[in-house]
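Colleague: Could you take me slowly through one part of this model? I would like to look closely at the sheet and the loop beside it, and then at how the chains meet.

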Protein chains: 2
Amino acid sequence: MIRRLCIIGVGLIGGSLARALREAGYVEEIVGSSRREEHLQEALDLGVIDRFDSDPARAVEGADMVFVAVPLGAMGKVFESIAGKLATGAVVTDGGSAKASVVRDVCTAVGDTPDWFVPGHPIAGTEQSGVAASFAGLYQGRRVILTPLEQTRPEATARVRAMWEAAGATVNEMSVEHHDEVLAATSHLPHMLAFALVESLARLSEQREIFEYAAGGFTDFTRIASSDPVMWRDICIANRDALLKMLERFNTDLETLHTAIDSRDEETLLRIFTEAKVARDAFSRPAEKSKD
Amino acid sequence: MIRRLCIIGVGLIGGSLARALREAGYVEEIVGSSRREEHLQEALDLGVIDRFDSDPARAVEGADMVFVAVPLGAMGKVFESIAGKLATGAVVTDGGSAKASVVRDVCTAVGDTPDWFVPGHPIAGTEQSGVAASFAGLYQGRRVILTPLEQTRPEATARVRAMWEAAGATVNEMSVEHHDEVLAATSHLPHMLAFALVESLARLSEQREIFEYAAGGFTDFTRIASSDPVMWRDICIANRDALLKMLERFNTDLETLHTAIDSRDEETLLRIFTEAKVARDAFSRPAEKSKD
């Protein structure tokens with residue numbers, strides 16, 4: 001149970017956590033903070049938060065739990081503002097899609113590795129953003145990854161885990177490095193391919209006509225290219241090393257496919273497509289069920 | 001109105017056309033043909049066809065319309081079998097995803113460019129295949145591209161157009177070369193990326209775990225990697241030149257993105273992602289509506 005929850009960055013991710021915990025009766029009071037006061041007013045009007053303060057240093061006062069859900073590029077500034085202002089025993093966690101960069105930002109802001117910070121990442125979201133798109137069921141049946149550090153108090157990790165479970169999520173723990181590799185593979189690389197493909201086609205002269213003949217597969221394939229450009233710029237910078245590694249791996253595999261097409265190597269083509277289909281079919285069985 | 005329609009290859013594409021035309025009351029009799037008799041028996045049991053003959057040369061006898069919906073790699077053999085067996089005035093069309101290769105196969109089989117052949121391509125389908133997955137509404141609101149040749153009788157093109165319109169589709173005409181470029185961009189390249197990505201991830205040692213953390217975006221992005229491997233091997237061979245051109249174009253754009261990430265070039269990243277989002281959002285407005 002959380003007495004006072006402070007959410008810094010009340011958008012889709014922060015707003016949905018607020019709604020879920022409120023619905024679960026897991027929180028008494030929710031204080032919002034954000035750089036833009038009109039977003040906070042909107043969140044207040046929607047009943048997502050109880051009050052707000054655009055200064056994060058004041059917003060965290062007396063909070064026993066703080067959730068930082070700002071773009072990765074804004075994490076450092078937030079932690080500089082709140083370090084030293086936290087209540088005794090307060091626990092802080094975040095929702096960033098890359099974890100090594102957030103840990104670096106926190107340690108720089110605090111001047112040390114704090115025992116009250118639990119790096120976290122809810123694997124959920126849509127192409128939408130903003131508090132108006134938030135909903136209580138966003139985390140239902142979804143996974144949240146926590147990457148506690150050696151210095152993190154086990155009790156802090158336990159409290160963050162309990163919070164996410166109250167919001168309906170399944171919580172897993174892994175190392176910061178492993179998180180960043182897994183996400184580069186399953187999320188960051190696919191987003192790069194979708195952005196690059198749509199950009200590539202958009203610059204063809206016949207653009208309008210080309211998109212007219214796109215079928216359902218293309219629609220699904222490129223949906224993620226509608227995601228927030230600022231957020232993805234930040235993810236590329238924050239998870240640069242793991243993403244570059246995955247991109248290079250993918251390039252090698254695409255090159256193999258390119259060579260097989262070029263040399264009309266039917267056997268290799270059939271092998272690649274069959275292996276992919278088998279893996280995708282095996283994956284889709286549990287995953288499609290949990291699709292919202 | 002078609003008196004006797006012969007469908008060679010009664011799978012998702014052929015079966016759905018049969019169902020649609022039957023529902024529209026546009027056809028009197030449907031004869032099926034296929035290499036595998038159990039598929040024909042299934043189609044007969046489902047009421048998709050009225051009778052069948054596994055020999056295409058006999059199946060086309062007396063048909064005024066023939067639809068060839070076999071994999072691209074099997075087109076040549078079919079046209080060799082039916083050339084010379086067609087009824088006077090019969091029109092033949094196909095459903096292949098690449099057009100230059102089919103035209104080449106037909107001309108080789110016939111020994112000349114026939115005036116009765118209308119190359120066609122319905123832009124519809126799912127990851128499913130087989131007659132059991134066929135349904136009358138597959139072509140409703142979808143596009144069909146016809147690529148008539150200089151030698152094609154205008155009356156033949158008009159009859160194929162009328163057939164597809166009776167099945168609920170919108171028909172467009174363009175050149176063979178332009179069709180193959182447009183499809184390489186909107187369908188063949190995206191399938192290559194999805195296959196290559198899933199294959200790339202499937203070979204990571206942590207495969208099972210990696211797929212566990214995949215979210216909705218990944219599910220959508222990789223759905224097309226479940227498509228039929230044999231069909232896609234044939235498409236790669238048949239549309240090799242246009243596909244290689246698109247792959248190389250995409251590679252250059254992915255390289256630009258790679259360099260921007262590597263050099264932490266925030267401005268270029270934001271520009272690419274914004275351009276892609278704008279193009280995808282503009283495209284999705286009409287397209288999502290027509291999704292089934």
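Modeller: Happy to; here is a walk from the sheet outwards to the contact between the chains.

First, a word on what you are looking at. This is a predicted model, in which local features need pLDDT of at least 70 and side-chain atom pairs count only at pLDDT 80 or more, while totals for chains, interfaces and linings use all residues. Residues are numbered from 1 along each chain as its sequence is written, chains are lettered from A and ligands numbered from 1 in the order in which they are written, and side-chain values use heavy atoms, with hydrogens and water left out.

Chain A has a mean pLDDT (the predictor's confidence in each residue, from 0 to 100) of 92, and 95% of its residues reach 70 or more. Residues 287–292 of chain A fall below 50, and beyond near neighbours in sequence this stretch has 10 contacts (heavy atoms within 4.5 Å) in the model. Where pLDDT is low, the predicted coordinates should not be read in detail. For the complex, the predictor gives an ipTM of 0.86 and a pTM of 0.86.

Now to the sheet. In chain A, six strands form an open sheet with parallel pairing, in the order 3-2-1-4-5-6. Its edge strands, pairing on one side only, are strand 3 (51–52) and strand 6 (117–118) of chain A. Strands (E, at least two residues) and helices (H or I, at least four) are DSSP runs numbered from the N terminus, and two strands pair if DSSP finds at least two bridges between them.

Start with strand 1 (residues 2–8) of chain A: six of its seven residues are buried, so the rest of the structure largely encloses it. Buried means under 20% relative accessible area, exposed over 50%, and partly exposed in between (1.4 Å probe, protein chains only). Six bridges join strand 1 to strand 2 (residues 27–33) of chain A, and the two run parallel; here A:L5 stands opposite A:I30. Further along, two bridges link strand 5 (residues 91–94) of chain A to strand 6 of chain A, again parallel, with A:V92 opposite A:F117.

A:F117 leads us to the loop. A:T152 sits between strand 8 (143–146) and helix 6 (154–166) of chain A, and with a relative accessible area of 7% A:T152 is buried. A polar atom of the A:T152 side chain lies 3.4 Å from the backbone oxygen of A:F117 and 2.7 Å from the backbone nitrogen of A:L149. Leaving aside residues up to four places away in sequence, A:T152 touches A:D115, A:F117, A:V118 and A:T157.

Finally, the contact between the chains. It takes 85 residues from chain B and 85 residues from chain A. Together they bury about 8,500 Å², 67% of it on carbon and sulfur atoms; buried area is the accessible area (1.4 Å probe) that two parts lose on being put together, summed over both. In chain B, B:Y213, B:F221 and B:F273 lose the most area to chain A, together 9% of what that side buries. Across this interface there are 12 salt bridges, each a side-chain nitrogen of Lys or Arg within 4 Å of a carboxyl oxygen of Asp or Glu. One of them joins B:R240 to A:D262, with the closest N and O atoms 3.1 Å apart. Helix 7 of chain B gives the most to the side of chain B that touches chain A, with 18 residues.

Definitions and conventions. A polar contact is a pair of N or O atoms within 3.5 Å; within protein, one must be able to donate a hydrogen and the other to accept it, and residues adjacent in sequence count only if both atoms are side-chain atoms.
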